[in-house]
Structures are given as structure tokens and as C-alpha cells.
Amino acid sequence: MTETTTMPEAPSTPQLDLDAYLARVGRPGERGPSAASLRALAFAHVTSIPFENLDPLRGSAPSLALPDLEAKLVRAPRGGYCYEQNTLFAAALRALGFTVTGLAARVRVGARGALRPRTHMLLLVEVPGEREPYVADVGFGSIGGLLEAVPLAADTEFHDGNRRHRFVREPGPGHEDLWVLQAFLDGAWEDQYAFTLEPCERPDYEIFNWYVATHPRSPFRRTLHVQRTAADRHLALSGHTLTETDRDGTRAQRELADEAEVLAVLAAEFGIEAPEDVQLPR
């Protein structure tokens with residue numbers, strides 16, 4: 001008798017609990033891959049899951065493994081930053097039948113002309129029947145971020161939710177021109193970030209994630225940054241400064257007294273339950 005050996009099966013790729021995700025963002029409706037469903041799902045995600053950097057403040061890089069993202073962003077009262085948010089969103093889009101490519105951008109907000117590394121994650125999404133791909137980004141922690149996915153087309157103004165955006169082209173340092181996302185803020189067009197269409201893969205984002213979360217000079221390592229967007233307002237918490245911006249651009253700002261008030265605001269205004277061991281610097 002010949003003895004046979006059964007080879008162990010390769011581990012399967014974790015699958016997103018799509019029902020749980022859609023319940024988290026409040027989108028139980030259309031599930032087909034269309035431009036309308038893509039725009040609606042991006043808006044639902046942005047207005048449901050807050051941006052936050054509590055894990056880097058704890059001295060650790062957040063996991064980008066899908067089961068961990070699902071446990072944190074879908075099932076727990078938490079949020080995350082760009083790598084977490086857009087990795088989760090990409091998994092949801094693929095489950096719905098979209099083709100998704102990860103990209104990387106250099107953030108220009110607040111750079112004052114300095115050349116920053118490409119550390120921001122965004123998504124290029126192919127939509128069946130559409131001539132142009134769409135840019136989706138549910139993880140940009142700024143009031144100038146996209147509220148919906150928009151077509152990748154130069155010099156065309158888009159109205160996504162109550163925000164205005166456009167893409168402009170610039171000569172790049174290599175063989176490919178840059179795409180620059182601009183937002184219309186305070187009466188002027190302002191650069192948000194610049195990117196090319198060179199694809200990024202998971203190992204790239206693992207390196208970006210580790211660097212941004214652990215480098216001593218990273219702003220995410222030194223200061224609390226939290227954002228939450230609603231249909232009628234945008235909330236931002238930087239350190240102990242809370243800024244509320246209404247849809248007409250009116251801003252109100254106040255300083256939170258101490259860590260106890262910060263924790264209370266995180267829970268009440270952002271829907272975030274902070275880990276017990278987090279240290280909240282000003």
C-alpha cells in the first residue's frame with residue numbers, strides 16, 4: 001500500500017464581513033458596482049467612521065490586517081487614519097465588485113513649500129461603464145478632503161457633498177506628470193496633495209504606516225489629531241483645540257481644559273472610546 005501525504009491548504013485571504021461594514025456606515029442599499037453606489041458609499045464612510053491617531057500616540061503602528069481593521073473600525077467605537085480607513089474601504093469596494101488600485105500622495109497642506117515624502121494612501125477605482133477611473137479617499141484627515149469619490153479628470157470642478165474640488169496637472173520630476181487635488185477653501189483653491197498613478201502594494205503601505213506611526217518627528221506621534229465630518233459640519237480636534245466648521249464656512253474654536261474633557265469630547269462628539277493606556281499630549 002502506498003502511503004499518501006495530504007499537503008496543508010494555503011491559508012485563505014480574510015474576507016470582510018460586508019454586512020457588518022455596511023451597517024456601520026449606514027448603507028444597506030444598492031450593492032452593485034456603479035458610480036452612484038461608489039459616491040454614496042464613500043460619503044457614508046466619511047461621515048460614519050472618524051479619523052484618529054490614538055494608536056501612534058500609544059507608541060505603536062496600527063495593524064493593517066483586515067480582521068484587525070474590522071474589529072477596530074467596524075465593531076469598536078474607534079476610527080483610524082488613512083492606511084486603516086482606505087485599506088478597509090478598498091476591501092469593501094472589492095467585495096462589491098469594483099477594481100481598486102492603491103496610490104500614494106505627498107501631502108501639501110501645511111507644507112509651506114517643503115517637499116514631503118509620499119505617505120498618504122488614496123484609491124483609484126475602476127467603475128464598470130465609466131470612461132474615467134474615480135479617485136476615492138476616505139482617510140484624509142483634513143477639512144479639504146473628499147466627501148465623495150470623484151472622476152479623475154483635470155481642470156473640472158466637482159461638487160462632492162458641500163465641498164468643491166478639482167484636479168490640476170503639474171510636470172513631475174520623472175516621466176509622469178503629477179495629479180494635484182485642490183479644495184476651494186476660504187475663497188481660494190488650495191493644494192491638498194499630489195500623486196502619480198504608480199500603484200502601491202500592501203508592503204509599501206506597511207512601511208509607510210510604520211514610519212508615520214513611530215518616527216519621533218511624525219505629527220501623528222506627537223499630537224492628537226481627530227476629525228469627524230457630518231452633512232452639516234466638520235469637527236477637528238488637534239491637541240486640546242476643538243474646531244467646528246459649519247457648511248457655510250463659519251468656524252468656532254475653543255480650548256479644552258484638560259485630558260478629562262478631551263476624553264469626554266472624544267466620546268460625545270466623535271464616538272470614540274480611547275484606550276485606557278493612551279497618553280494625550282497637548
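User: What makes up 47% of the 282 residues in the chain?

Analyst: Buried residues do: they account for 47% of the 282 residues. Keep in mind that this is a predicted model. "Buried" here means under 20% relative accessible area, while "exposed" means over 50%.

User: Why is L57 called buried?

Analyst: Set its value against the cut-off. L57 has 8% relative accessibility, and buried means under 20%, so L57 counts as buried. You'll find L57 in helix 3, which covers residues 54–57.

User: Which residues does L57 touch, leaving aside its neighbours within four places in sequence?

Analyst: L57 is in contact with F220, R221, R222, T223 and L224, and also with V278, Q279, L280 and P281. Contact means heavy atoms within 4.5 Å. As for L93, which sits 36 residues from L57 along the chain, the two C-alpha atoms are separated by 30 Å.

User: And V138, why does that count as buried?

Analyst: Same kind of check. V138 comes out at 9% relative accessibility, and the limit for buried is under 20%, so V138 counts as buried. V138 lies in the loop between strand 4 and strand 5. Not counting residues up to four places away in sequence, V138 touches A42, H45, V46, Q85, N86 and F89.

User: How far apart in space are V138 and E84?

Analyst: They are 9.8 Å apart, C-alpha to C-alpha, with their places 54 residues apart in sequence. For the whole chain, take contacts between residues at least 6 apart in sequence: 53% of them join residues at least 24 apart.

User: How many helices and strands does the chain have, and why is it called as compact as a globular protein of its length?

Analyst: The chain has eight helices and 13 strands. Its radius of gyration is 20 Å, and the globule rule gives 19 Å for 282 residues; those values are close, so the chain is as compact as a globular protein of that length. The C-alpha atoms fill a box of roughly 80 × 45 × 40 Å along the principal axes.

User: How do you know that the length of helix 8 agrees with what it should be?

Analyst: Helix 8 runs over residues 259–270, which is 12 residues. At 1.5 Å a residue it should span 16 Å, and its end C-alpha atoms are 15 Å apart, which agrees.

User: Which residues of helix 8 are buried, and why say they line one face?

Analyst: V262, V265, L266 and F270 are the buried ones. Looking down the axis of helix 8, the buried residues fall within an arc of 105°, so they line one face of the helix. It helps to recall that an α-helix has 3.6 residues a turn, so residues three or four places apart point the same way. On the other side of helix 8, A260 and A268 are exposed.

User: What do the buried residues of helix 8 pack against?

Analyst: Four strands: strand 10 (225–229), strand 11 (233–238), strand 12 (241–246) and strand 13 (251–255). Helix 8 lies across these strands, running at about 155° to strand 11. Right after helix 8 comes G271, whose phi is positive, near 70°.

User: What makes strand 1 and strand 13 edge strands?

Analyst: The order of the strands tells you. This open sheet of five strands has the order 1-10-11-12-13, with antiparallel pairing. Strand 1 (51–52) and strand 13 each have a single partner strand, so one side of each is left without a neighbour in the sheet.

User: How do you know that strand 1 and strand 10 pair?

Analyst: Pairing takes at least two bridges between the strands, and two bridges join strand 1 to strand 10, which run antiparallel. F51 stands opposite Q227 in strand 10.

User: Which strands stand at the edges of the sheet of eight strands?

Analyst: That open sheet has the order 5-4-3-2-9-8-7-6, again with antiparallel pairing. Strand 5 (150–151) and strand 6 (158–160) stand at the edges, each with a single partner strand, so one side of each lacks a neighbour in the sheet.

User: How many bridges does strand 2 make with strand 3 and with strand 9?

Analyst: Strand 2 (residues 99–107) pairs with strand 3 (residues 118–126) over eight bridges, and T99 has E126 in strand 3 as its bridge partner. With strand 9 (residues 188–195), strand 2 has three bridges, and the bridge partner of V107 there is Y193. Both pairings are antiparallel.

Technical notes
Residues numbered from 1 in each chain as written. Predicted model: local features only at pLDDT ≥ 70, side-chain atom pairs only at ≥ 80, totals over all residues. Heavy atoms only, no water. Expected span 1.5 Å × (residues − 1). Buried < 20%, exposed > 50% of the residue type's maximum accessible area, 1.4 Å probe, protein only. Arc of directions from axis to C-beta. Axes fitted to C-alpha atoms, helices over the stretch in contact; angles between N-to-C directions. Rg over C-alpha atoms; globule rule 2.2 N^0.38 Å.
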